[in-house]
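Hi there,

Here is the structure I promised to pass on to you. Have a look at it first, and then read my notes below.

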Amino acid sequence: MTSCKQQQGIQQGETNKNCKANAISNEQLADLLYSKGVDGVQFIDIRTPHQYAIGHLPGAINVPMKNFFDKDYFSKINKDDVLILYGEDASTPRLMALMAGHFKKGNFNVALGGYKYIQSKIMDNFGIYSGIYDDEKALVDFQKASDEIKSRSGGGSAKPKAKPAATGKPIVKRKKKEVSGGCG
């Protein structure tokens, strides 16, 4: 990521002294998304409310591009946080970040790629490797199913009843008759 200054733990290089829109690499974005307890970072989705409702980054707020500089929407942005814009593609958030920097509305960072790219390359690929397993839920509660089966069959894993001992007639073994003919 390139920037004019250091911001709350995100490493930034100094490549252009007049820059205002900073790009965040996919690796840095994955670290931010899968690090629980990252304070001081705010994701801003500049897509339409409908697109935001279909899917968005965890903890993101929706400030639609057409309303980005409206006072009502812009007041939702906490300017003390590290602000990361993303949208449908990579160019629109970059343009909004540059405009915000030009009008001295804040220093915004831009996530590379659009939401679908972030979802397919980061969220779908790194979720299981994040080390955060409390968000995974089993599809079947095996303990509950086992208890249910036990209650239906009257105890479930009880030992089968023993067959009564055979009494009475002895078992007689008979010899087999030899058959002539055939192959052999």
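**Charges over rings**

Let's start with a detail you can find by eye: Lys105 lies over the face of Phe74, at 5.8 Å from the ring centre. There is another case with an arginine, since Arg47 sits over the face of Tyr115, 4.3 Å from the centre of that ring. Please keep in mind that this is a predicted model.

**How far to trust it**

The pLDDT of the protein chain averages 75, and 68% of the residues score at least 70. Over residues 1-20, however, the pLDDT is below 50. That stretch still has 46 contacts in the model beyond near neighbours in sequence. Where pLDDT is low, the predicted coordinates should not be read in detail.

**The overall layout**

The protein chain has six helices and five strands. Read from the N terminus, the order of the elements is β-α-β-α-β-α-β-α-β-α-α. Of the 184 residues in the chain, 30% count as buried. The accessible surface comes to about 13600 Å², and 54% of that belongs to carbon and sulfur atoms. If you look at contacts between residues at least 6 apart in sequence, 59% of them join residues at least 24 apart.

**The nonpolar cores**

Which residues have the most contacts inside the largest nonpolar core? They are Leu29, Leu33, Phe43, Leu57, Ile84, Tyr86 and Ile118, in a core of 17 residues. Two or more residues each come from α1 (26-34), β2 (41-45), β4 (82-86) and α5 (115-126). The largest share, four residues, is given by α1. Apart from this core lies another one, of 14 residues, including Ile44, Ile61, Phe68 and Ile77.

Leu57 is a good residue to click on. Setting aside residues up to four places away in sequence, Leu57 touches Leu33, Phe43, Tyr86, Tyr115, Ile118 and Met123. Tyr115 is also the residue whose ring has Arg47 over its face.

Val41 is worth a look too, and you will find it in strand β2. Leaving out neighbours within four places in sequence, Val41 is in contact with Leu32, Asp81, Val82 and Ile84. Val41 and Asp80 are 39 residues apart in sequence, with their C-alpha atoms 9.0 Å apart in space.

**The aromatic rings**

The structure holds seven aromatic pairs. In one of them, Phe68 and Phe69 have ring centres 5.1 Å apart and planes at 90°, so this pair is edge-to-face. A pair of aromatic rings is described by the distance of the centres and the angle of the planes.

Are Phe68 and Phe69 buried, partly exposed or exposed? Phe68 has 0% relative accessibility and therefore counts as buried. Phe69 is partly exposed, because its relative accessible area is 29%, and the partly exposed class runs from 20% to 50%. Both residues belong to one aromatic cluster, together with Phe74, Phe103 and Phe108. Phe74 is the ring that has Lys105 over its face.

Phe108 leads us on to Ala97, which is found in helix α4. The two are eleven residues apart in sequence, and their C-alpha atoms are 5.3 Å apart in space. Ala97 counts as buried, because its relative accessibility is 0%.

**Two lysines in loops**

Where is Lys104 found? It is in the loop between α4 (91-102) and β5 (108-111). Its phi is near 55°, a positive value in a residue other than glycine. Most residues other than glycine have a negative phi. Lys104 counts as exposed, because its relative accessibility is 74% and the cut-off for exposed is over 50%.

The other lysine is Lys66, in the loop between β3 (61-62) and α3 (71-74). Lys66 is exposed as well, with a relative accessible area of 75%. Along the chain, Lys66 and Arg47 are 19 residues apart, and their C-alpha atoms are separated by 9.0 Å.

If you would like a place to begin, try finding Lys105 over Phe74, and then move on to the cluster that Phe74 forms with Phe68, Phe69, Phe103 and Phe108.

Happy exploring, and do write back with any questions!

Notes. Residues are numbered from 1 along each chain as its sequence is written. This is a predicted model: local features need pLDDT of at least 70, side-chain atom pairs count only at pLDDT 80 or more; totals for chains, interfaces and linings use all residues. Side-chain values use heavy atoms; hydrogens and water are left out. Rings of Phe, Tyr and Trp (its six-membered ring) pair if their centres lie within 6.5 Å; planes under 30 degrees apart count as stacked, over 60 as edge-to-face and the rest as tilted. Buried means under 20% relative accessible area, exposed over 50%, partly exposed in between (1.4 Å probe, protein chains only). A charge sits over a ring if NZ of Lys or CZ of Arg is within 6 Å of the ring centre and within 35 degrees of the ring normal. pLDDT is the predictor's confidence in each residue, from 0 to 100. Contact means heavy atoms within 4.5 Å. A nonpolar core is a set of buried Ala, Val, Leu, Ile, Met, Phe, Trp, Tyr and Cys residues joined through side-chain atoms within 4.5 Å. Accessible areas come from the Shrake-Rupley method with a 1.4 Å probe; for residues, only the protein chains shown count as cover.
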